[in-house]
Structures are given as C-alpha cells and as structure tokens.
Amino acid sequence: MKKILIVGSTGQIGSELSKKLRGIYGRDNVVCGYIAPPYPDGFFEDGPTVEIDATNRQQIADAVKKHKIDAIYNMVAILSATAEKNPMLGWNVGMGALLNCLEVARELGCAVFTPSSIGAFGPGTPPNPTPQDTIQRPTTMYGVTKVAGELLSDYYFSRWGVDTRSVRFPGLISNLTQPGGGTTDYAVEIYYKAVAGEKFVCPIKQGTYMDLMYMPDALDAAVHLMEADPAKLKHRNSFNIAAMSLEPDMLYQAIKRQIPTFEMTYEVEPVKQAIAESWPDRLDDTCARDEWGWSPKFDLEAMTTDMIEVLRKKKGER
Ligand code: AKB
C-alpha cells in the first residue's frame, strides 16, 4: 500500500485531504505533518503525525525515511491576500516548502503533489475561458510563487524524473477548517454568516467572476491526478480544473433561496478586489478531462444545500 506524507496537513485543504487519503490508503499509511495549532478535532488520534517545519529540509527527509514515504502532498501556502501584505513571507514559505519537498523527493524517490491556483494567472491572461497553456504573468507574490512552482516542478520531472503533478485550484469552499488570507475566502465566510443568522459584508464587488469549487471535488481531483496513468499525462504542472464560475451575488441568491432572511451588503476591500480582477473568470479544463478524466460533481445548488446542512449540524453540536 502507498505511504503518504502530507506537509501542511492542518490547513483548509490538508485537514480534509488527510481524512480522504486515510479513507483510501488506510489510517496508518498517511502521515500528517504539522507545525503549530490550531489542530483539527481528533488530529493526534486519527493516525500518525509528525512535527515538520516545511522550510526545514532535514525534517521532511527524516519523516520520509522513517515512514518509508512514496508520495508527498505539499499543502503549505501563504494565501494571496496575506502574501500581498508580506511578500517575503509568501516567497520564503511557498518556495521554501516546495523546493525542500522536491529535493527530498529527488534524493529519496517520492512523487510530489503541489497545488497551483487560479492565482497563477494575471491581467494579461485570456479570462474566459482561460486556456490550459497561455500567458502567465501574475501581479501578486502568491501568483509569482505559483508560476515559479509550476516551472520548478516540471523541471524536477524533466531533469530528474521526479513524479511531480499539480492542479490549479479555484477558490475552495469547505466546512471543516476555514481558510485564512485568501481572496476567495469570502465564498466560505458567506455560508458561515448565513447559518449563524448574521449579515455578511462582502469584500468583493458584485459582478466579479472567479472560479470556485466545493472541497469534495478538489480532493477528488488531487487523488485522481496522483493515481492517473503517467503515460496519459501530456501536462503535469499544472492542470486547469474548474467547477463553477461565480460572482458574489450568485452565491448570495443561492443561499437566500434556502435562508430567505439572509442579508448581504458590499464593502469592497481594495487589495482583494485588485487581486480578484487580475484573475480569470473561468478556466478551460479540457486537458484535465481528456488526460485523467476530471469531472466535478457539485454545482452551486448542490454545494449550497450541503454547506448549509453541514454547518447547521456543526452549530447544533456546539
Ligand atoms: C486565494 O484566494 O488566495 C486562494 C486561491 C484561489 O488560490 N483561495
């Protein structure tokens, strides 16, 4: 059975990915790397864990050797709005973690999955639809690290034969661990506010379209790509994947259909708005569909129903 190390396993994606991978590969075959609290509920009881600062290569190498790891999922990132406030942090953490994972993978023979993002595109990119292979001149530090990361991962594949694979995630909507410091975080917060019976103040202007995706589809994408037949992959780092192209009012109306008392107003945050406007409206994911069978399950209505149900249950438990 495959043995997996998740670096950055307590964040928005990592906390759900660990459960998904343990369900597929077995509890003891997925080792969760962590650096600092908060930890998801049951984190230390649900399976093996290891303290790892991803900017410390030796700590990653030690964990890979100790647990005989075959594949590293590198989920470490400083999201777009935070990286814009502290660009050096964004670069050092994003690139430091990736380079360390790639070097350890090269030396010890592991595969590496690293998410890229819609943030890897910029204002010069065709926005609708954004082709798989196109102009990538992002204007954010987050985007710069994502483009550099895609290139570096392809370099490690072509130069050293390291099995590197990646998808460009849209803004992810989820209900286990909240994101922090992202431009698309509004699309998660809106659900928390609606279920709490509170008004939501949206930081993104009405009419600003971005790709969004429900977490179960994002996790499926990572697993399917990592399980794909390498002979069928013409691309590697990184695949466009898409599920929904939405603007804030569409989310608001979808929630309002289920919670009619819900209210939203706008108070645009200029940094987030500028980032959002520099990103595509809708990615073309034909290559992912053709090369490894990508196909999302959740649309806006299905996601909204599920989000509200899960968040209501969580609220009831408290
Ligand atoms: C962000 O908003 O920074 C992330 C992303 C789209 O990569 N959610």
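In this predicted model, Arg168 stands opposite Asn240 of strand S12. This pair is a handy place to start, and the strands around it come next. Strand S8, covering residues 167-169, pairs with S12 in the parallel sense, and two bridges join them. Both strands belong to an open sheet of three strands, whose order is S6-S8-S12 and whose pairing is parallel. Strand S6 (116-117) and strand S12 (239-240) are found at the edges of this sheet. Each of these edge strands has a single partner strand, so one side of each is left without a neighbour in the sheet.

From the sheet, the description turns to a pair of helices. Helix H4 spans residues 87-108 and helix H5 spans residues 141-160; the two pack with their axes 10 Å apart and at an angle of about 15 degrees. Angles under 35 degrees count as roughly parallel, and H4 and H5 are therefore roughly parallel to each other. The crossing in which H4 passes H5 is right-handed. On the H4 side, the residues that meet H5 include Trp91, Met95, Leu98, Leu99 and Leu102, along with Glu103 and Arg106. On the H5 side, the residues that meet H4 include Val144, Ala148, Leu152, Tyr156 and Trp160, as well as Thr145 and Ser153. Sorted by class, the contact of H4 with H5 holds 13 nonpolar residues, four polar ones and two charged ones.

The backbone also has some details worth a look. As general background, most peptide bonds are trans, and most residues other than glycine have a negative phi. Against this background, the peptide bond from Asn128 to Pro129 is cis, its omega being near 0 degrees. Pro129 sits in the loop between S6 and H5, which links this bond to both the sheet and the helix pair described above. A second cis peptide bond runs from Asn237 to Ser238, with omega near 20 degrees. Ser238 belongs to the loop between helix H7 (215-227) and S12, the strand that carries Asn240.

What sign does phi have in Lys68? The value is positive, near 50 degrees, in a residue other than glycine. Lys68 is located in the loop between helix H2 (57-67) and strand S4 (71-74). Is Lys68 buried or exposed? A relative accessible area over 50% counts as exposed, and Lys68, with 66%, is therefore exposed.

Key
Residues numbered from 1 in each chain as written. Predicted model: local features only at pLDDT ≥ 70, side-chain atom pairs only at ≥ 80, totals over all residues. Heavy atoms only, no water. Axes fitted to C-alpha atoms, helices over the stretch in contact; angles between N-to-C directions. Helix = DSSP H or I, 4+ residues; strand = E, 2+ residues; numbered from the N terminus. Parallel < 35°, antiparallel > 145°, perpendicular 65-115°, else oblique. Left-handed = near helix turned anticlockwise from the far one by under 90°. Contact = heavy atoms within 4.5 Å. Nonpolar A, V, L, I, M, F, W, Y, C, P; charged D, E, K, R; others polar. Pairing = 2+ DSSP bridges. Buried < 20%, exposed > 50% of the residue type's maximum accessible area, 1.4 Å probe, protein only.
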